[in-house]
Amino acid sequence: FSLTDGDGQSEHLLPVCEDRLCQKSAIYLTKLGLDQWIPVLQDFRNKDTLWGFLPYQNDTSSADISFPITLHIGDYNMDGYPDALAILKNTSGSNQQAFLLENVPCNNVSCKSVRRMFKVFWELSDLNQIKDAVVATFFDIYEDGILDIIVLSKGNSNKDFAIHTLKNNFEADAYFVKVIVLSGLCSNDCPRKITPFGVNQPGPYIMYTTVDANGYLKNGSAGQLSQSAHFALQLPYNVLGLGRSANFLDHLYVGIPRPLGEKSIRKQEWTAIIPNSQLIVIPYPHNVPRSWSAKLYLTPSNIVLLTAIALIGVCVFILAIIGILHWQEK
């Protein structure tokens, strides 16, 4: 994900345990042009309790199920900077919980070069109530562009699991664009004049450019289904936060992987994309980007109805004043 300064360039995040028992955990970041790993989260202490990632137990004889250290990425507050979910364990106890890691501006020297860092939300009551969590990920339950949370937790025994869903109550005046890139394939030869939809595919890359509320150019990017294994649990589409800017997306670029040996880039551009909309891209045929099609879906919110009522009310009020003045003049 484009994590740091909104330059449209994706970064590589690496959650690690710096010792065998995960007494010291950290998240590092690197990207093209950097020759080192930069720490973006090292402080896992909450008051007097030290937390850390769960060490992966590669023991097939054990009855316990061990999950690898995995970050699940999603922009829960739609500010344009992806946040993360992680499972942390109390290093001095046995409790393990899901925690939200918010992407915030860097406030220490170690991450100054990338300008962003993660901050752990320790006091989220809904997440804190779910004990023995093993997997947590983002999911748009209501299909409204706002990412909710799904948490898988262990029950009384290691073979019993429960699924919890938490609704995102974030009410900020922020905007998003939701993009899904389909495969553009048919199960057999496509009939004439029928555009094949296919299904979502791993590998497409999405990038947008727009102007933020302050008038500065803002870029963002993401890969669709960038992980295909390792408990990825990724959404089949990308929800890109736009912050509090209601401006149209000036440019939205979509690219798909090309076969080995092919040099021409498979990329297409769309302009003036409406915020809070879903864009379905059909890359057919794959090798002719200018023939790709896109379908834009927009669900009007209640604000449209309220605005219409307010406009009609103002018009009726003005007409009443005009009528009274005409009557008095007559």
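These legends describe an overview and several close-up views of a predicted model.

**Figure 1. The whole protein chain.**
The chain holds 2 helices and 20 strands. Its C-alpha trace spans about 95 × 55 × 45 Å along the principal axes. Of its 330 residues, 41% count as buried. Take contacts between residues at least 6 apart in sequence: 53% of them join residues at least 24 apart.

**Figure 2. The surface and its charges.**
The protein chain exposes about 19,100 Å². Carbon and sulfur atoms supply 56% of that area. The chain carries 26 positive and 30 negative charges. The mean positions of these two sets are 5 Å apart.

**Figure 3. The largest pocket.**
Rolling a probe the size of a water molecule over the atoms shows where empty space is left. The largest pocket has a volume of about 870 Å³. In total, 27 residues line this pocket. Which of them are the closest to its centre? They are Asp144, Phe176, Asn276, Thr299 and Ser301.

**Figure 4. Elements around the largest pocket.**
Three strands and a helix each supply at least two residues of the lining. The strands are β13 (175-181), β19 (277-282) and β20 (293-298). The helix is α2 (302-329).

**Figure 5. Phe138 in strand β10.**
Strand β10 covers residues 133-139, and Phe138 lies in it. Is Phe138 buried or exposed? Phe138 has a relative accessible area of 3%. Buried means under 20%, so Phe138 is buried.

**Figure 6. The neighbours of Phe138.**
Leave out residues up to four places away in sequence, and Phe138 still touches a list of others. Among them are His72, Ile73, Gly74 and Tyr76. The list also includes Asp83, Ala84, Leu85 and Leu100. Leu147, Asp148, Ile149 and Leu235 are touched too. Leu233 is 95 residues away from Phe138 along the chain. Yet the C-alpha atoms of Phe138 and Leu233 are separated by 8.5 Å.

**Figure 7. Gln278 in strand β19.**
Gln278 is found in strand β19, one of the elements that supply the lining of the largest pocket. Gln278 has 22% relative accessibility. Partly exposed covers the range between 20% and 50%, so Gln278 counts as partly exposed.

**Figure 8. The neighbours of Gln278.**
What does Gln278 touch, not counting residues up to four places away in sequence? Gln278 touches Glu143, Lys178, Ile180, Lys295, Leu296 and Tyr297. Lys295 is 17 residues from Gln278 in sequence. In space, the two are 8.2 Å apart, C-alpha to C-alpha.

Technical notes
Residues are numbered from 1 along each chain as its sequence is written. This is a predicted model: local features need pLDDT of at least 70, side-chain atom pairs count only at pLDDT 80 or more; totals for chains, interfaces and linings use all residues. Side-chain values use heavy atoms; hydrogens and water are left out. Helices (H or I, at least four residues) and strands (E, at least two) are DSSP runs, numbered from the N terminus. Buried means under 20% relative accessible area, exposed over 50%, partly exposed in between (1.4 Å probe, protein chains only). Contact means heavy atoms within 4.5 Å. Accessible areas come from the Shrake-Rupley method with a 1.4 Å probe; for residues, only the protein chains shown count as cover. Lys and Arg count as positive and Asp and Glu as negative; His and the chain ends are not counted. The place of a charge is taken as NZ of Lys, CZ of Arg, CG of Asp or CD of Glu. On a 1 Å grid over the protein atoms alone, a cavity is a set of points where a 1.4 Å probe fits but cannot get out, and a pocket is an open set with protein on both sides within 12 Å along at least five of seven lines; lining residues have an atom within 4 Å of a point. Grid points are joined across faces, edges and corners, and a volume is the space filled by probe spheres set on the points.
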